[in-house]
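I opened these notes to record two items: enclosed space inside the protein, and the packing of one pair of helices. The entries follow in the order in which I looked them up.

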Amino acid sequence: MIGTIRNLIRLAVIGRTLARHNALPETLADVSPGLAFVWRRVANRATPGREGQRLAAALAELGPTFIKLGQALSTRSDLVGERVAADLAELQDKLPPFPGAQARAIIEAELEQPIDALFQSFDDKPVAAASIAQVHFAVTSDGREVAVKVLRPDIERAFTRDIDLFHWLARWAETLLPKLRRLHPRQVVDIFARTSRLEMDLRMEASAASELRDNFADDPTFIVPQVDWDRTAKRVLTLERIHGIKVDDPQAIIAAGYDSSEVLAKASAGFFNQVFRDGFFHADLHPGNLFVIEGGNIAVVDFGIMGRLDRATRTYLADMLIGFLTGDYRRVAVVHFEAGYVPRHQSIELFTQACRAIGEPLLNKPLNEISVGRLLAQLFAVTEQFDMETQPQLLLLQKSMLTAEGVGRFLNPNVNMWELARPLVEEWMRENRGPEAQIMDGLEGALRSVQRLPQAIDGMARITEGGVRLHPDTVRAIVEGRNQRLRASVVPLWIAVAALAVAIAALI
């Protein structure tokens with residue numbers, strides 16, 4: 001009962017803030033005509049800006065949890081629409097800083113050492129203050145310049161309180177507004193809660209930074225700061241300090257003697273390698289997290305939001321993009337059905353037609369005028385009509401692509417990042433979609449079939465031991481079926497080995 005009263009009071013505050021900014025969707029009448037009627041009576045109609053801009057302003061006023069909620073919704077254009085998602089992506093994650101003395105106390109408590117034993121100097125004035133943490137510059141006891149990220153005091157308690165409210169609201173929304181059930185509000189809250197808890201454990205961010213740094217260990221053009229694990233804990237993260245120019249300051253980049261097109265080429269290659277080569281990408285590459293450093297190279301910071309793509313998803317993306325760029329819409333449709341993204345009961349002909357409606361305006365356009373992020377957004381909007389299941393990893397990638405493309409326009413508005421990355425795209429396609437890759441895929445599939453054979457035999461043995469008796473004809477049919485499948489797998493295996501040997505001989 002106390003929890004319900006607390007939630008109702010908090011809800012009243014939220015409602016008043018949203019009303020003051022006129023910040024609920026214009027499509028509210030489609031969900032609940034009664035609620036829309038009440039809203040029209042209380043909302044401030046004079047509030048300027050688009051729907052998404054008004055919502056972003058309201059969320060910023062409501063505090064840290066709601067800022068993070070807005071950022072999470074900016075990756076869900078399937079829920080809020082492309083325009084609102086784009087506006088929420090611009091939501092500024094900035095709050096007033098907390099005192100440096102509190103930051104020092106948190107560091108000492110987490111690392112269990114006096115601040116003077118950890119650092120020669122520690123700047124009490126933060127260089128950045130966001131919803132979850134703030135960053136201070138310092139010099140370690142052994143003389144290294146570092147950036148120290150410290151969680152806000154009591155931020156975990158504030159998030160827990162608000163997430164409990166979101167769960168409560170989601171349950172009532174599904175009960176009172178059945179039209180919202182298709183959006184799975186409780187599932188959305190669950191995902192948001194999990195990602196927020198991970199983001200508030202700075203050891204997870206340190207691990208992400210370390211993995212990304214390892215991926216680019218041999219690439220001097222894309223720099224990831226080194227983690228100081230001795231000065232890192234759950235509520236404190238210490239990284240090598242980056243000195244550089246923000247990528248959204250082209251005049252300063254030119255004044256430093258760097259070619260903005262070369263800088264863009266390095267940024268494009270870095271993003272492409274993260275997504276396609278490694279399947280592990282920085283999902284928050286806004287201008288505040290990207291710097292141009294010595295030599296015109298790129299350095300990246302802030303690893304709280306990362307994305308992953310398995311090899312099958314990367315292959316799907318490559319095939320889909322090639323289909324669009326070459327006008328092969330049937331191929332685009334087939335890729336979606338083979339990946340299982342569109343249910344089999346849907347019409348592949350109608351889906352092909354829908355893909356044509358998206359891709360046709362792209363044909364005959366120069367590559368530098370094509371936004372892959374916007375292409376994905378339009379595709380997700382159309383696939384909803386075909387019962388395509390939401391793919392969170394692709395939604396996060398789509399948002400990241402839009403952000404990266406925006407950075408590219410800062411550096412050089414006349415050049416597209418994908419045009420610069422074309423040689424990498426072609427090389428990746430040869431290595432992963434060419435004949436050699438198909439041979440290796442067949443080889444791996446055959447080996448997996450052979451490896452599964454002992455398990456199948458063990459399964460048959462357990463059936464026999466369990467006292468289940470099969471008719472002799474059934475046993476013969478099962479054995480013959482296994483033998484046929486084994487022969488079918490072994491033949492491609494030897495073909496693949498022979499083809500591979502021929503290819504190696506040709507190279508020699």
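Entry on the cavity lining. I am working from a predicted model. I began with the character of the residues around the largest cavity: 10 are nonpolar, 3 are polar and none is charged. The lining comprises 13 residues, and those nearest the cavity centre are A267, S268, F271, L290 and A404.

I then asked which helices supply at least two residues each to this lining. They are α14, covering 260-278, and α19, covering 392-411. The greatest contribution comes from α14, which gives 5 residues.

Entry on the cavity itself. I noted a volume of about 110 Å³ for the largest cavity. My search of the whole structure, with a threshold of 30 Å³ or more, returned 1 cavity.

Entry on the helix pair. I turned next to α10 (residues 155-176) and α11 (residues 185-199), whose axes come within 8 Å and cross at roughly 165 degrees. Angles over 145 degrees count as roughly antiparallel, and α10 and α11 are therefore roughly antiparallel to each other. I recorded the crossing of α10 past α11 as left-handed.

Which residues make this contact? From α10 I listed F159, I163, F166, H167, A170, R171 and E174; on the α11 side they meet P185, R186, V189, D190, F192, A193 and S196. By class, the residues of the contact between α10 and α11 comprise 8 nonpolar, 2 polar and 4 charged.

Closing note. I set the two compositions side by side: the cavity lining has no charged residues, whereas the contact of α10 with α11 includes 4.

Notes: Residues are numbered from 1 along each chain as its sequence is written. This is a predicted model: local features need pLDDT of at least 70, side-chain atom pairs count only at pLDDT 80 or more; totals for chains, interfaces and linings use all residues. Side-chain values use heavy atoms; hydrogens and water are left out. On a 1 Å grid over the protein atoms alone, a cavity is a set of points where a 1.4 Å probe fits but cannot get out, and a pocket is an open set with protein on both sides within 12 Å along at least five of seven lines; lining residues have an atom within 4 Å of a point. Grid points are joined across faces, edges and corners, and a volume is the space filled by probe spheres set on the points. Helices (H or I, at least four residues) and strands (E, at least two) are DSSP runs, numbered from the N terminus. Ala, Val, Leu, Ile, Met, Phe, Trp, Tyr, Cys and Pro count as nonpolar, Asp, Glu, Lys and Arg as charged, and the others, Gly among them, as polar. Axes are lines fitted to C-alpha atoms, for helices over the stretch in contact, and angles run from 0 to 180 degrees between N-to-C directions. Angles under 35 degrees count as roughly parallel, over 145 as roughly antiparallel, 65 to 115 as roughly perpendicular and the rest as oblique. A crossing is left-handed if the near helix is turned anticlockwise from the far one by less than a right angle, and right-handed if clockwise. Contact means heavy atoms within 4.5 Å.
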